[in-house]
Amino acid sequence: MLNQALSKKRKGFEALVKALMLLSVGLTAALVLFLLIYVLGQGIPNITWELLSTKPSYLTERIGILPDILNTVYIVLATLLIVLPLGVGAAIYLTEYASNKKVVGIIEYAAETLSGIPSIIYGLVGMLLFSNSMGTCLMAGALTLVIMNLPTIMRTTQESLKTVPQSYREGAFGLGAGKWRVVRTVVLPGCVDGVITGGILSVGRILGESAALLFTAGFAHAVNGLIDGLAAPGATLTVALYVYAKEQGEFGVAFAIAAILMVLTVMINFAAALVQKHFAKRRSI
Amino acid sequence: MSIISVKELCLWYGDHQALRNVDIEIPEKSITAFIGPSGCGKSTFLKTLNRMNDLIPGVKITGDIRYEGTDIFSKEVDVNNLRKEIGMVFQKPNPFPMSIYDNVAYGPRTHGITNKVELDDIVERALRDAAIWDEAKDRLKKNALGMSGGQQQRLCIARALAVQPKVLLMDEPTSALDPISTSRIEELVMELKGKYTIVMVTHNMQQAVRVSDHTAFFLLGELVEFGKTDDIFSQPKDQRTEDYITGRFG
Ligand SMILES: Nc1ncnc2c1ncn2[C@@H]1O[C@H](COP(=O)(O)OP(=O)(O)OP(=O)(O)O)[C@@H](O)[C@H]1O
Ligand SMILES: [Mg+2]
């Protein structure tokens, strides 16, 4: 009797919990869908070839986002070109060479903490460190993003270095290979996936960054080549979105950019998942 | 003739002493087996012989190890050359995640051989010597991780032979393998002893009797007894050796 009553109560409780969980899942999914549909719905009709292929002109009062697209590409390239060697190098040093494990632990902890700091603080620091000396320009922005992304690249690389079995290193050392040869031929190939994943995630972060870049890279809309572009101030897509929406009330353009960014973000996440799946498969043979 | 001679070797992992005053002369071109209960320091001692313990932080070593008369701990000795002379095969097969060919060519390439013809020749010879050529010759470009455990272990032996070492250290090379693979490797080891000095850790007494010429019995970090395998197993001098080989402990 008592047991039956209890189990009934328990069953009721479980049903309730299940219902609540379903509700939160449904809510989350609905939110994501709503955002996607809303942004794409508002944005896509505003995306025209003219918008994508021209720069803004005061004469015709037309807006074009070609400079912002180029600036975004430049800043992504410059940042990755600097941050990948630095981050991977630091990770290799910390995992393979450093002998003081306590210091390594402290650095790892610091990197962990650094990646949680609000980006506007990086912007402030970047402004003082870079923009004050080299002027407001894409390069100053890229260097700021380097500082911002360095901990992430370092940590993801380190984590994947740690998954390379110790027995590979022993095998190579046992054949008389020196440290650098072991790292280069046996360890590094095993951590390519970590580097690629970290790089892709960084691209996502760079695309989404606005605060840090407003401080350091400015928001000009001139069409430049790579080198000139890095030396000149410029807005990335995300910064341009902010400027067009907030300062100029151009919501059509803002939503067009938002739709583009949204699609890019989805593609980036997809790519990261793909890379991981590809390497997981290769590892299991 | 001994190729490696060890005097009063002690080794500590931090505060824990794992080897106590080990003295041994390892005879050239023959098979020496190390036996003893788990944790007695067999692997530790084996790894000391080609300084693989250098990789472990906190290891302290005193005493003297001479390889062909040279102190292996002296500053003039290049540890990479030492490991080229004294190769190693591990308990768990550990081929690199690359092709069979690249696995075997790894060592020679490390030591500066780049000529394709020469490499092909070395790889084939090593694979033949390790009795895996017939199984490997049609799949040299295939990933080594696709082989069976026994094949992988013979590949690891081939990989070690490819740098033309004089000594081969083997730490329980068959303990992760099935009986058929085990007997193939035992046969292989016995064939190799004409050309190489082999030092092998084993938990399997029958294996020690079957393949080795000399046997060393370790207990709690001490080398209790060392001698001809026949003598050790038929008339051990030390009571502890007798207790161990008759299965009274360990
Ligand atoms: N890296 C290490 N750090 C600290 N202590 C270690 C390390 N490796 C081994 N030891 C200790 O040293 C002692 C000898 O270990 P070793 O691995 O040489 O034994 P073994 O005779 O090979 O045993 P088994 O038959 O189980 O392989 C053990 O007490 C072990 O706990
Ligand atoms: Mg052992």
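Q: Which residue of β2(B) stands opposite Leu11(B)?
A: That's Leu19(B). Bear in mind that this is a predicted model.

Q: What makes β1(B) and β2(B) count as a pair?
A: The cut-off is at least two bridges between the strands. Strand β1 (residues 2-13) of chain B and strand β2 (residues 16-27) of chain B have 8 bridges, running antiparallel, so they pair. The two also form a hairpin, with 2 residues between them. In that turn, Gly14(B) shows a positive phi of about 60 degrees.

Q: What is the partnership of β1(B) with β4(B), and in which sense do they pair?
A: Again you get 8 bridges, in the antiparallel sense, this time to strand β4 (residues 59-67) of chain B. With a cut-off of at least two bridges, 8 bridges qualify, so this is a pair too. One bridge to look for is Val6(B) with Ile65(B) in β4(B).

Q: Which strands make up the open sheet of 6 strands in chain B, and in what order?
A: Read across the sheet, the order is β6-β7-β8-β3-β9-β10, and the pairing is mixed.

Q: Why are β6 and β10 of chain B said to stand at the edges?
A: Each of them, β6 (86-89) and β10 (222-228), has a single partner strand, so one side of each has no neighbour in the sheet. As for twist, neighbouring strands here are turned by 20 degrees against each other on average, direction ignored.

Q: How many bridges join β6(B) to β7(B), and how do the strands run?
A: There are 4 bridges to β7 (residues 167-171) of chain B, and the strands run parallel. The pairing cut-off is at least two bridges, so 4 bridges are enough. Met88(B), for instance, has Leu169(B) of β7(B) as its bridge partner.

Q: What makes helix α1 of chain B a helix that packs on the sheet?
A: Its contacts do: α1 (residues 42-49) touches β3 (31-35), β6, β7, β8 (197-201) and β9 (214-219) of chain B. The direction of α1 makes about 155 degrees with that of β7(B).

Q: Why is chain B called as compact as a globular protein of its length?
A: Compare two values: the radius of gyration is 18 Å, and the globule rule gives 18 Å for 250 residues, so the description fits. Chain B holds 10 helices and 10 strands, and its C-alpha trace spans about 55 × 45 × 35 Å along the principal axes. Buried residues make up 54% of the chain.

Q: Why is chain A called more spread out than a compact globule?
A: Its radius of gyration is 24 Å, well over the 19 Å that the globule rule gives for 285 residues, so the label follows. The C-alpha box is roughly 75 × 75 × 35 Å. Chain A has 13 helices and 0 strands, with 40% of its residues buried.

Q: How much surface does chain A expose, and what share do carbon and sulfur atoms supply?
A: About 15,700 Å², with 71% from carbon and sulfur atoms. For chain B the accessible surface is about 11,000 Å², with 48% belonging to those atoms.

Q: Why does Thr110(B) count as buried?
A: Buried means under 20% relative accessible area. Thr110(B) has 18%, so it makes the cut. This residue is found in helix α3 (residues 100-110) of chain B. Leaving aside neighbours within four places in sequence, Thr110(B) is in contact with Gly176(A), Ala177(A) and Arg181(A).

Q: What makes the link between Thr110(B) and Arg181(A) a polar contact?
A: The distance cut-off for an N or O pair is within 3.5 Å. The side chains of Thr110(B) and Arg181(A) are joined at 2.6 Å, so the distance falls inside the limit.

Q: How do you know whether Thr215(B) is buried or exposed?
A: Its relative accessibility is 0%. Since buried means under 20%, Thr215(B) counts as buried. It lies in strand β9 of chain B. Not counting residues up to four places away in sequence, Thr215(B) touches several others, including Ala33(B), Ile35(B), Phe226(B) and Phe233(B).

Q: Which side chain joins that of Thr215(B) in a polar contact?
A: Thr229(B), at 2.9 Å. The limit is within 3.5 Å, so that distance passes.

Note on methods: Residues numbered from 1 in each chain as written. Chains lettered and ligands numbered in written order. Predicted model: local features only at pLDDT ≥ 70, side-chain atom pairs only at ≥ 80, totals over all residues. Heavy atoms only, no water. Axes fitted to C-alpha atoms, helices over the stretch in contact; angles between N-to-C directions. Contact = heavy atoms within 4.5 Å. Rg over C-alpha atoms; globule rule 2.2 N^0.38 Å. Buried < 20%, exposed > 50% of the residue type's maximum accessible area, 1.4 Å probe, protein only. Areas by Shrake-Rupley, 256 points an atom, 1.4 Å probe, with all protein chains shown as cover. Polar contact = N/O pair within 3.5 Å; in protein donor to acceptor, adjacent residues only side chain to side chain.
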